[in-house]
Amino acid sequence: MALDERLPLPEARRALRGWRRTRPFWAGLFLVLGGLELLVVPLSPLTILVSLGLGGIAAIGIGLALVAAGLFLWFLPHTRHYVSINALILSVLSFAATNLGGFLVGMALGITGSAMGFGWTPKEEATRRVPNVRTQRTLAAALPLALLATLGGHRVEQAPRPGSVTAPAVPPTVTTTRFSPNGFLLAGVTTVPTAHGSLKVMILKMNSASLTDYRLITRDGHDELALGASSLDLSGHVTLYLTKFSGCLEGLLCITFDPNTLPVPPIVPPFVFMTDVTAEQALVTSDSIVANGLTLGAS
């Protein structure tokens with residue numbers, strides 16, 4: 001403590017330390033350093049030995065993406081899972097696409113930062129400060145080569161007003177073999193009213209969505225009701241209110257989202273889909289819902 005007081009700018013250093021401890025700071029720093037190293041190699045005098053060509057262009061692109069990923073971890077820490085996965089893919093790809101991943105140094109820094117960012121968890125106190133948030137800050141702009149759907153800069157709309165639509169206290173379980181969103185607009189966290197109080201949910205907005213082998217089963221402790229359809233197409237201002245969402249991205253990478261750890265994707269290509277999806281669905285709204293092969297059962 002005595003040394004801390006003797007060093008200059010104690011208040012500024014204390015504020016910086018507090019800021020650093022609320023986000024995966026070191027993970028972001030490793031990603032930024034890895035990206036800068038990849039940028040330095042093709043732009044340095046070593047280009048006498050290493051031709052720029054496609055490898056140099058790839059090094060510049062991947063380097064900029066890793067720097068952007070590090071900044072996302074610093075300023076949007078709730079996106080850490082999503083950003084870390086993309087940064088890891090880019091870091092490994094740099095070995096083949098660039099000059100051996102910046103002679104292994106940039107690749108190693110990127111992999112280290114990605115692992116640290118994915119494994120970082122916020123302090124308990126930080127999660128308690130948002131019990132009734134309307135949104136977990138929605139989407140910013142642009143991480144290249146992202147994996148999950150296009151984002152706009154809108155704010156999360158309020159949940160349905162009490163008295164108009166009430167969600168079940170225990171959300172039913174929904175399963176589908178393939179979930180394909182189109183025109184993804186927004187992701188965040190809000191609350192919806194139920195008969196037993198408010199329920200914290202993820203809110204996902206999109207222009208349309210297609211679900212294959214759709215199944216919905218109630219879980220309210222009474223007679224079980226099951227709704228099924230060979231395909232379900234939602235279109236026009238589609239909004240999903242979910243307490244849990246899990247599935248395999250592109251059928252390869254299996255991930256789980258909930259209202260406390262929702263990673264907000266900055267940019268998502270239209271070809272992204274998820275397989276083996278299981279969700280707890282509080283509410284869903286859509287201008288149009290078209291079901292093929294509809295079945296209804298009770299037990």
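Q: Which residue of S7 stands opposite Ala226?
A: Ala226 stands opposite Gly297 in S7. Please keep in mind throughout that this is a predicted model.

Q: What makes S3 and strand S7 count as a pair?
A: Two strands pair if there are at least two bridges between them. S3 and S7 (residues 295-298) have 4 bridges, in the antiparallel sense, so the cut-off of at least two is met.

Q: How do you know that strand S2 pairs with strand S3?
A: The bridges tell us again. Strand S2 (residues 197-217) and strand S3 (residues 225-249) are joined by 14 bridges, and a pair needs at least two. The two strands run antiparallel. One of the matched positions is Ala209, whose bridge partner in S3 is Leu234.

Q: What is the bridge partner of Leu234 in S6?
A: Leu234 has Ile289 as its bridge partner in S6. S6 (residues 288-292) is joined to S3 by 5 bridges, and these strands run antiparallel. With at least two bridges required, S3 and S6 therefore count as a pair.

Q: What makes S5 a partner of S3?
A: There are 9 bridges between S3 and strand S5 (residues 274-285), in the antiparallel sense. That meets the requirement of at least two, so S3 and S5 pair. Within this pairing, Cys248 has Thr275 in S5 as its bridge partner.

Q: How many residues lie between S3 and S4 in their hairpin?
A: The hairpin has 3 residues between S3 and S4, and in the turn Glu250 has a positive phi of about 55°. S3 and S4 (residues 253-257) pair over 5 bridges in the antiparallel sense. Ser246 stands opposite Thr256 in S4.

Q: Why is the link of Cys248 and Cys254 called a disulfide?
A: A disulfide is a covalent bond between the sulfur atoms of two cysteines. In a model, the test is whether two cysteine sulfur atoms lie within 2.5 Å. The sulfur atoms of Cys248 and Cys254 are 2.0 Å apart, so the pair passes. A search of the whole structure finds 1 disulfide. This link is right-handed, with 80° about the S-S bond.

Q: Is Cys248 buried or exposed, with its relative accessible area of 9%?
A: Cys248 is buried, because its 9% is under the 20% limit.

Q: Why does Cys254 count as exposed?
A: Cys254 has 53% relative accessibility, and exposed means over 50%. The value is over the limit, so Cys254 counts as exposed.

Q: Why is Leu227 called partly exposed?
A: Leu227 has a relative accessible area of 30%. Buried would need under 20% and exposed over 50%, so 30% falls in between. This residue lies in strand S3.

Q: How do you know that Leu227 is in contact with Thr295?
A: Contact means heavy atoms within 4.5 Å, and Thr295 is among the residues that Leu227 contacts beyond its neighbours within four places in sequence. The others are Tyr214, Arg215, Leu216, Leu294 and Leu296. Leu227 and Thr295 are 68 residues apart in sequence, with their C-alpha atoms 5.8 Å apart.

Q: What makes Thr121 an exposed residue?
A: Its relative accessibility is 57%, and the limit for exposed is over 50%, so Thr121 counts as exposed. Thr121 lies in the loop between helix H7 (105-119) and helix H8 (124-128). From C-alpha to C-alpha, Thr121 is 9.5 Å from His78, and the two are 43 residues apart in sequence.

Q: Which residues are buried in H7?
A: Gly106, Met107, Leu109, Gly110, Gly113, Ser114 and Gly117 are buried in H7. They are on the same side of the helix, because they cover an arc of only 165° around the axis. On the other side of H7, Ala115 and Gly119 are exposed.

Q: How far does H7 reach, and what is expected at 1.5 Å a residue?
A: H7 has 15 residues and reaches 21 Å from first C-alpha to last, close to the expected 21 Å. For helix H5 (residues 80-97), with 18 residues, the reach is 24 Å, close to the expected 26 Å. The buried residues of H5 include His81, Tyr82 and Leu90.

Q: How many helices and strands does the protein have?
A: The secondary structure comes to 8 helices and 7 strands. Of the 299 residues, 45% count as buried.

Notes
Residues numbered from 1 in each chain as written. Predicted model: local features only at pLDDT ≥ 70, side-chain atom pairs only at ≥ 80, totals over all residues. Heavy atoms only, no water. Buried < 20%, exposed > 50% of the residue type's maximum accessible area, 1.4 Å probe, protein only. Expected span 1.5 Å × (residues − 1). Arc of directions from axis to C-beta.
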